[in-house]
Amino acid sequence: MFFKLQNNDVEIDSKFEYWVCGRRRFEVCQWSTGGDKKRANKQYMPAQELLLQRFNEFGMKIETIALVKGKKQSQPYEDVLEIDLASLDGLQDPRALRIQISKLTKDVDRDTLKAGGNPTRKVLFGIKWPGEGKLLDDDVRNALGFSPVAYSANETKYSPLGVYLASVQTDIVSLSLEEIGEMVGELPKSAASPQFWANAQGFHWSRRRHWLSNGFEAFWNSKEQKVRFVRNNLPTDDATLFKARVEFERKRLKAQGKGLDEPPSGRARPTIVKSVIFRYQRSPAIVAWVLEKATGHCEACSKEGPFISEKDERYLEVHHLRPLAEGGPDTIDNAVALCPDCHRELHFGIEREMKRDGLLKKVDRLIDHPFRDRG
Ligand SMILES: [Zn+2]
Ligand SMILES: [Zn+2]
């Protein structure tokens with residue numbers, strides 16, 4: 001998720017990410033402008049100056065400044081060059097500091113600038129939070145005046161393809177990359193691969209949702225060098241796909257007046273498929289520790305687990321507050337023991353965000369780990 005700064009209700013065109021990384025510490029990364037003049041982040045410099053000014057106003061101490069080199073575009077950044085703060089003067093003067101950072105950035109650009117490569121100007125600030133108590137994600141957002149960026153260009157890129165598929169009457173549509181490119185703009189080289197179109201388990205959801213939400217599944221056909229969009233009324237074992245299909249079918253039932261009077265026939269003998277599933281490996285030691293610590297009581301509602309399990313103890317489930325698939329760590333500061341009701345509510349409840357915040361406040365060891373894109 002990305003954020004932009006607001007100044008007197010005017011949004012400044014420069015992209016930030018931030019994350020809490022300790023009880024009273026957070027990091028802010030300002031994204032690069034990139035080489036192309038047409039790109040976003042046009043107000044990189046005024047935005048940086050405003051950010052530095054806000055650090056000052058709120059007494060947030062800059063503990064580290066680092067430049068992110070290389071082309072890797074998502075957290076955690078690998079090629080990071082930390083600046084010696086002692087070499088800078090006027091840490092308290094936003095403009096002077098911005099100019100010095102800008103000079104250092106240009107030197108980094110010279111290192112990494114190859115033919116066709118973009119100069120990189122990502123800057124990473126490590127900040128000490130001035131307030132008392134445990135720092136939450138929203139505290140940073142509210143203090144700095146960050147507002148979330150609705151959808152990045154990447155997330156809306158494939159919407160014309162979705163619009164096209166919504167209008168199609170047949171069950172199978174084959175499109176060449178050129179044809180798709182005409183709708184959505186230039187495609188990356190990796191588009192000529194099965195992985196790009198199939199991507200398992202919700203990776204690249206921003207892309208997939210455009211055909212899934214219109215009832216299609218996409219396959220790369222290497223013989224034809226085309227993408228086949230197949231209407232997806234078949235059974236599936238892919239959880240993400242399954243959920244999307246259920247929602248699609250419900251929409252269809254509601255749209256057809258007689259929907260419920262003509263129940264689907266289903267299958268007396270469901271087929272079994274062998275499938276490859278990507279799973280995050282979880283540590284049994286973490287689950288064990290969290291369960292022992294909870295002593296049979298849900299850490300959200302404090303009630304005892306609802307029944308005695310086969311193991312002759314109160315039944316609880318261990319939940320990751322920031323799911324591993326969203327970049328959360330498999331550590332005790334990200335795991336809680338919950339009763340099934342609280343657990344399901346945290347996943348599917350309309351007030352799950354509030355419930356999550358409540359847990360963060362209630363259970364002292366928990367940290368609000370940020371979303372990190374692992375796609
Ligand atoms: Zn509970
Ligand atoms: Zn869970």
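Helices and strands are taken here as DSSP runs numbered from the N terminus, and two residues are in contact if their C-beta atoms, placed from the backbone, lie within 7 Å. With those terms in hand, the tour goes through a predicted model.

Begin with the whole protein in cartoon view, where there are twelve helices and 13 strands. If you colour its 375 residues by burial, 23% count as buried. Among contacts between residues at least 6 apart in sequence, 62% join residues at least 24 apart.

Next, select strand 9 (172-176) and strand 10 (216-221), which are the edge strands of an open sheet, each pairing on one side only. Add strand 11 (residues 226-231), and the three strands appear in the order 9-11-10 with antiparallel pairing. On average, and ignoring direction, neighbouring strands of this sheet are turned by 25° against each other. Zooming in on strand 10 and strand 11, you can follow six bridges in the antiparallel sense; to pick out one of the partnerships, select Ala-218 and find Phe-229 in strand 11 as its bridge partner.

Keep the sheet in view and add helix 6 (residues 177-184), which lies across strand 9 and strand 11 and runs at about 85° to strand 9. Then show helix 5 (residues 159-167), whose axis comes within 7 Å of that of helix 6 and crosses that axis at roughly 110°. Because angles of 65 to 115 degrees count as roughly perpendicular, helix 5 is described as roughly perpendicular to helix 6. To see what makes the contact, display the side chains of Pro-160, Leu-161 and Tyr-164 on helix 5, together with Ile-180, Met-183 and Val-184 on helix 6.

Now turn to the interior and select Tyr-18, Phe-26, Val-28, Leu-51, Ile-127, Cys-298 and Leu-338, the residues with the most contacts inside the largest nonpolar core, which has 43 residues. Helix 1 (residues 44-57) gives the most to this core, contributing six residues. Colouring by domain is useful at this point, since the core draws at least three residues from each of domain 1 (3-150) and domain 3 (284-362).

Centre the view on Val-28 and ask which residues it is in contact with, leaving aside its neighbours within four places in sequence. They are Phe-16, Tyr-18, Leu-51, Phe-125 and Ile-127.

For the last stop, select Tyr-158, Leu-161, Leu-165 and Trp-211, which are among the twelve residues of a second, separate core. Leu-161 will be familiar from the contact between helix 5 and helix 6.

Conventions. Residues numbered from 1 in each chain as written. Chains lettered and ligands numbered in written order. Predicted model: local features only at pLDDT ≥ 70, side-chain atom pairs only at ≥ 80, totals over all residues. Core = buried A, V, L, I, M, F, W, Y, C linked by C-beta atoms within 7 Å. Buried ≥ 20, exposed ≤ 12 C-beta atoms within 10 Å, placed from the backbone. Helix = DSSP H or I, 4+ residues; strand = E, 2+ residues; numbered from the N terminus. Domains from an automatic or database assignment. Pairing = 2+ DSSP bridges. Axes fitted to C-alpha atoms, helices over the stretch in contact; angles between N-to-C directions. Parallel < 35°, antiparallel > 145°, perpendicular 65-115°, else oblique.
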